[in-house]
Amino acid sequence: MSVLIKGGRIITAADDYVADVYVEDETVSLIGESLDMGADKVIDASGKYVLPGLVDPHTHLDMPFGGTVTIDDVESGQTAAAFGGTTTHVDFIIQPHGSSFADAIADWRSKAAGKQVIDMGYHMAVTDLDEGGSLEELATLPDEGITSYKLFMAYKGALMVDDETLFRTMEVATQTGALVMVHAENGDLIDVLVRQALEAGNTDPLYHALTRPPEAEGEATNRAIQLAHVAGAPLYVVHVTCREAVEPIARAREAGWDVWGETCTQYFFNSLDDIAKPNFEGAKYVYSPPVRDKSNWDVLWNAVRTDALSAISTDHCAFLFDGQKTLGKDDFSKIPNGGPGLENRLHMIHEFGARAGRISLNRMVELLATSPAKLFGLYPKKGTVAVGSDADLVIFDPERKHTITAANQHSKTDYNLYEGTEVTGTPEVVLLRGNVLVENGELVALPGIGRYVPRARFGQELRPKTAVT
């Protein structure tokens with residue numbers, strides 16, 4: 001299918017100009033002024049932005065957690081992503097204890113079979129190197145296009161690994177060209193504080209945040225940075241929330257160390273005020289690391305502006321409020337950790353970042369598309385608008401008003417973290433490899449159009465025409 005996009009304002013991480021885009025055979029074939037060529041479909045993008053399809057490097061779809069399973073499967077989660085302008089994401093395979101990595105991969109691939117609406121890759125979350133996967137098996141994963149290893153420094157007794165496992169995985173990453181990702185919180189400290197809170201009768205959602213203090217995140221972040229430096233491994237710290245974690249990342253980057261960090265949309269907008277809401281409403285804001293004091297909002301905006309933090313993800317990990325979050329009605333530690341967000345990342349960062357003057361439009365694209373694509377072995381196939389790149393494109397109307405609400409979202413969850421927020425600017429047409437996914441407020445493609453994308457090793461480029469169904 002060929003597509004001609006006329007007169008749009010093309011915005012990439014580096015450029016901002018008006019031109020036409022011609023798409024053929026799923027890739028961008030030509031960019032120029034007043035292109036005069038036939039196409040199966042012509043889109044008038046006058047007065048609109050033409051953005052690269054966004055890349056979300058941090059999602060959890062159809063994931064068992066906390067005695068339940070995230071409410072969005074691959075189809076519903078990716079549908080929400082498509083409506084929000086995200087055309088590629090990297091989901092986490094969680095290795096069950098006792099399971100080989102191969103079995104875990106097969107399980108996650110089966111969950112996606114026939115359901116994919118957008119393109120996707122996988123990270124491997126390493127939880128068990130004793131009775132499950134081996135270091136030798138882990139070293140083979142980059143050959144399958146799984147080029148990042150995630151380790152949890154929290155969730156003691158469930159997902160948390162010790163420092164030996166963390167360090168040995170870092171050594172494998174150094175040898176195989178993989179990127180190490182860490183959930184950085186001191187799980188031992190949190191475990192003590194949680195038990196103390198419950199023993200004192202403190203069961204409300206607020207105590208989820210109070211038992212996971214910023215210092216726990218800061219200590220673990222610094223520890224991971226130092227261990228990665230010794231191992232010679234590149235490190236990516238996920239969902240950074242506070243000054244205590246931003247500062248060691250910034251210091252490492254200033255020293256020239258291979259350290260990067262991301263934050264998530266919700267940490268710019270949710271705070272302790274939300275998790276303290278009465279009548280258990282605060283449970284909607286239970287995710288980890290937790291919401292912080294509002295003073296951290298400016299810290300995070302400054303960090304993404306200055307590249308102390310290099311990406312904004314969603315950590316989409318959606319549960320129903322009624323029936324799943326309520327599992328912890330009488331014990332905050334039993335509230336499933338996670339929140340929704342795949343559909344509204346661009347809405348919120350465009351409105352309160354670019355439109356508010358906190359970041360430029362180019363930086364917005366870099367944070368939401370280009371930098372994640374580069375860090376996770378997807379660039380230049382993904383993450384930019386360029387000849388030869390996949391025609392993952394978002395026609396974005398910068399003047400159209402939109403009210404964010406659970407009533408019109410596409411996630412299966414029953415609430416929205418930004419309920420009632422009015423924004424100016426919303427995706428109008430979304431294309432995946434030149435195929436129209438979203439148009440006129442409707443999903444016009446069928447599940448199954450999305451593909452698994454094997455990713456390049458860290459620091460290497462993924463050239464076009466490398467994808468499998």
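Me: Across which strands does helix α8 lie?

Reply: In this predicted model, α8 lies across β13 (235-237) and β14. The helix runs at about 145 degrees to β14. Helix α11 packs on the sheet too, touching β6, β9 (86-94) and β15. The direction of α11 makes about 115 degrees with that of β6.

Me: What is the strand order of this open sheet?

Reply: The order is β6-β9-β10-β11-β12-β13-β14-β15. That is eight strands, with parallel pairing.

Me: What makes β6 and β15 the edge strands?

Reply: Look at their partners. β6 (54-59) and β15 (311-313) each pair on one side only. Between neighbouring strands of this sheet there is a turn of 30 degrees on average, direction ignored.

Me: How do you know that β14 and β15 pair?

Reply: Count the bridges. Three of them join β14 (residues 259-264) to β15. Pairing needs at least two, so these strands count as a pair. They run parallel. One place to look is Glu262, whose bridge partner in β15 is Ala311.

Me: Back to α8. Why is helix α7 called roughly parallel to α8?

Reply: Take the angle. The axes of α7 (residues 214-231) and α8 (residues 243-254) cross at roughly 20 degrees. Angles under 35 degrees count as roughly parallel, so α7 is roughly parallel to α8. Their axes come within 7 Å. The crossing of α7 past α8 is right-handed.

Me: Which residues make the contact between α7 and α8?

Reply: From α7 come Pro214, Glu215, Glu217, Gly218, Thr221, Asn222 and Ile225. From α8 come Glu244, Ala245, Pro248, Ile249, Arg251 and Ala252. By class, six are nonpolar, three polar and four charged. Gly counts as polar in this scheme, and Gly218 is in the α7 part of the list.

Me: How does α11 meet α12, by distance and angle?

Reply: The axes of α11 (residues 345-354) and α12 (residues 361-375) come within 10 Å. They cross at roughly 145 degrees. α11 passes α12 in a right-handed crossing.

Me: What kinds of residue make up the contact of α11 with α12?

Reply: Six are nonpolar, one is polar and one is charged. On the α11 side are Arg345, Leu346, Ile349, His350 and Ala354. On the α12 side are Leu361, Met364 and Leu368. Arg counts as charged, so Arg345 fits that class.

Me: Why is strand β17 called largely enclosed?

Reply: Check burial along the strand. β17 (residues 422-432) has 11 residues, and nine of them are buried, so the rest of the structure largely encloses this strand. Buried here means under 20% relative accessible area.

Me: How many bridges join β17 to β16, and how many to β18?

Reply: Eight bridges join β16 (residues 393-403) to β17, running antiparallel. Four join β17 to β18 (residues 435-439), also antiparallel. At least two bridges are needed for a pair, so β17 pairs with both strands.

Me: Which residues stand opposite each other along β17?

Reply: His402 has Val423 of β17 as its bridge partner. Asp397 has Thr426 of β17. Towards β18, Val429 stands opposite Glu439.

Me: Which residue has a positive phi in the hairpin of β17 and β18?

Reply: Arg433 does, with phi near 50 degrees. The hairpin has two residues between its strands.

Me: How do you know that β5 and β16 pair?

Reply: Four bridges link β5 (residues 49-52) with β16, in the antiparallel sense. At least two are required, so the two strands count as a pair. Among the partners, Val50 is matched with Ile395 of β16.

Me: Is Thr27 buried or exposed?

Reply: Buried. Its relative accessible area is 12%, and the limit is under 20%, so Thr27 qualifies. Thr27 lies in strand β3 (residues 27-32). Val385 is 358 residues away along the chain, yet the C-alpha atoms of Thr27 and Val385 are separated by 9.7 Å.

Me: Why is Asp62 called buried?

Reply: Its relative accessible area is 18%; that is under 20%, so Asp62 counts as buried. Asp62 sits in the loop between β6 and β7 (64-65).

Me: Which residues does Asp62 touch?

Reply: Leaving out residues up to four places away in sequence, Asp62 touches Val69, Thr70, Asp72, Asp73, Trp108 and Lys111. Thr12, by contrast, is 50 residues from Asp62 in sequence and 32 Å away in space, C-alpha to C-alpha.

Note on methods: Residues numbered from 1 in each chain as written. Predicted model: local features only at pLDDT ≥ 70, side-chain atom pairs only at ≥ 80, totals over all residues. Heavy atoms only, no water. Axes fitted to C-alpha atoms, helices over the stretch in contact; angles between N-to-C directions. Parallel < 35°, antiparallel > 145°, perpendicular 65-115°, else oblique. Left-handed = near helix turned anticlockwise from the far one by under 90°. Contact = heavy atoms within 4.5 Å. Buried < 20%, exposed > 50% of the residue type's maximum accessible area, 1.4 Å probe, protein only.
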